[in-house]
Amino acid sequence: MSKFVMVAGGTGGHLFPAQALAEELLRRGHTVYLMTDARAKNYGGDFPALETIIVPAATPSFRHPFKAIKAGFTILAGVRKARKALKRIKPDAIVGFGGYPTFPPFLAASMLGIPGVLHEANSVLGRANRALVRFCEKLALGFEDTKYAERFSDKTVITGNPVRDMVHQVANIPYPPLGAEHDVRITVFGGSQGAQIFSQVLPGAIAALPDELRARLKLVQQCREEDLQRMAEVYAQTRVNVDAAPFFKDLPRLMAKSHLVICRAGALTVSELGAIGRPAIYVPLPGSLDQDQLNNAKRMEAAGGGVVMEQAALSPHSLATKITELLAHPAQLQQMATNAKNVGMPDAVQRLADLTEQTAKAG
């Protein structure tokens with residue numbers, strides 16, 4: 001059997017696809033190691049690696065010379081540490097999942113002649129992956145027609161985005177019935193750090209819902225620790241049944257129980273909603289240079305599996321109007337759930353695992 005090193009930035013968006021692949025490789029009898037940055041302690045506790053190696057990493061900052069020099073030294077330190085660990089482990093291949101923490105280990109692997117696969121989860125090829133693609137044997141894409149990936153067509157393979165076992169475990173739960181006699185379940189989350197905009201806008205939106213709808217509402221909302229007290233006070237006034245917390249370990253199951261999800265549009269989020277098959281209101285993170293979340297969300301909207309509301313135009317009134325409109329048409333929501341599931345690629349993790357094994361054998 002083979003040894004593989006997963007390399008991912010220490011956030012859920014990078015670690016969870018890496019975890020999904022690690023789980024599949026373990027089922028196939030392989031050994032898995034993880035290289036990541038210090039943030040992984042918040043999200044990597046369940047990662048099934050034989051060993052987790054924390055590697056120094058930094059984001060280059062070319063606008064500020066001093067910061068650029070400091071980042072350069074950090075990256076060099078990361079390359080040295082990764083190189084030493086890779087020489088000890090002797091992996092058959094390395095798999096990178098994007099983000100600048102991928103850079104030092106992947107560069108070190110290239111220097112040692114270890115074959116590599118890069119995975120791009122978003123519909124836009126990220127800057128770190130653009131810099132590293134020259135060092136990889138294969139570039140696995142989560143979406144077809146990924147922006148900036150067309151130049152590397154000789155290396156690209158469409159695998160889809162792998163989702164964790166806990167997502168597959170709830171993927172067959174049917175869309176819950178929605179009628180006047182049923183509770184209405186909405187789940188709101190904003191990525192691994194939460195989203196302040198939802199804490200600001202959602203309470204007012206919920207308060208503006210029709211009384212009959214609000215009385216049936218069961219709301220689950222992820223929010224930042226500093227927003228919890230204020231949120232609890234607002235929801236107490238509106239008498240809404242709400243479960244609010246900074247992080248939910250069972251988020252896939254909560255999504256599966258929902259009639260509607262309100263969320264950001266990271267690649268992981270879009271892919272998990274596709275695997276489970278749930279309609280969503282996507283509010284892409286604004287301000288990113290490549291507009292990756294907006295592109296991800298528009299892919300799902302074009303397929304009829306969700307709607308996009310850009311943050312600049314989001315208000316309690318506009319959000320309440322959209323929620324009311326969607327929940328007033330259960331058949332339409334059911335169709336959106338079906339459309340979302342049609343976008344999902346349930347065998348993505350098997351595809352990526354096959355590609356990883358093939359790359360190791362070819363190397």
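A pocket, in the sense used on this tour, is an open set of grid points where a 1.4 Å probe fits and where protein lies on both sides within 12 Å along at least five of seven lines. Please keep in mind at every stop that the model on your screen is a predicted one.

**First stop: the second largest pocket**

With that definition in hand, turn to the second largest pocket, which holds about 320 Å³ of space. Select G142, F143, V343, G344 and M345, because among the 19 residues that line this pocket these are the closest to its centre. Next, colour helices α10 (267-276) and α11 (292-302), the elements that give two or more residues to the lining. Which of the elements gives the largest share of the lining? It is α10, with 4 residues. If you colour the lining by class, you should find 10 nonpolar, 6 polar and 3 charged residues.

**Second stop: the sheet of 7 strands**

Now show the strands as ribbons and look for an open sheet of 7 strands, whose order is β3-β2-β1-β4-β5-β6-β7 and whose pairing is parallel. Its edges are β3 (51-54) and β7 (156-158), each of which pairs on one side only, and from one strand to the next the twist averages 25 degrees.

Select residues 3-7 and residues 93-96, which are β1 and β4, and you will have two strands that pair in the parallel sense over 4 bridges. Where in β4 is the bridge partner of V5? Selecting I94 shows that partner.

Before moving along the sheet, add the helices that pack on it. Helix α3, residues 103-111, lies across β1, β2 (31-36), β4 and β5 (116-120), and runs at about 155 degrees to β4. Helix α14, residues 348-362, touches β1, β4, β5, β6 (138-141) and β7, and its direction makes about 155 degrees with that of β5.

Continue to β5 and β6, which run parallel and are joined by 4 bridges; here H119 has A140 in β6 as its bridge partner. Adding helix α4, residues 127-132, to your selection completes a right-handed β-α-β unit made of β5, α4 and β6. From β6, step across to β7, which runs parallel to β6 and is joined to it by 3 bridges, with I158 in β7 as the bridge partner of L141.

**Third stop: the sheet of 6 strands**

Hide the previous strands and bring up another open sheet, in which 6 parallel strands follow the order β10-β9-β8-β11-β12-β13. The edge strands are β10 and β13 (306-308), and each of them pairs on one side only. On average, neighbouring strands of this sheet are turned by 15 degrees against each other, when direction is ignored.

Select β8, residues 184-189, together with β9, and you will see a parallel pair with 5 bridges, in which V184 stands opposite L217 of β9. To see a helix against this sheet, show α11, which touches β12 (280-282) and β13 and whose direction makes about 135 degrees with that of β13; this is also a helix that you coloured at the pocket, where it gives two or more residues to the lining.

End the tour at residues 217-222 and 241-245, the strands β9 and β10, which run parallel and are joined by 5 bridges. Which residue of β10 is the bridge partner of V220? Select D243 to find that partner. Finally, add helix α8, residues 228-238, and follow the chain from β9 through α8 to β10, a right-handed β-α-β unit.

Methods. Residues are numbered from 1 along each chain as its sequence is written. This is a predicted model: local features need pLDDT of at least 70, side-chain atom pairs count only at pLDDT 80 or more; totals for chains, interfaces and linings use all residues. Side-chain values use heavy atoms; hydrogens and water are left out. Two strands pair if DSSP finds at least two bridges between them. Axes are lines fitted to C-alpha atoms, for helices over the stretch in contact, and angles run from 0 to 180 degrees between N-to-C directions. Contact means heavy atoms within 4.5 Å. On a 1 Å grid over the protein atoms alone, a cavity is a set of points where a 1.4 Å probe fits but cannot get out, and a pocket is an open set with protein on both sides within 12 Å along at least five of seven lines; lining residues have an atom within 4 Å of a point. Grid points are joined across faces, edges and corners, and a volume is the space filled by probe spheres set on the points. Ala, Val, Leu, Ile, Met, Phe, Trp, Tyr, Cys and Pro count as nonpolar, Asp, Glu, Lys and Arg as charged, and the others, Gly among them, as polar. A crossover is right-handed if, with the strands pointing away from the viewer, the path from the first strand over the helix to the second runs clockwise.
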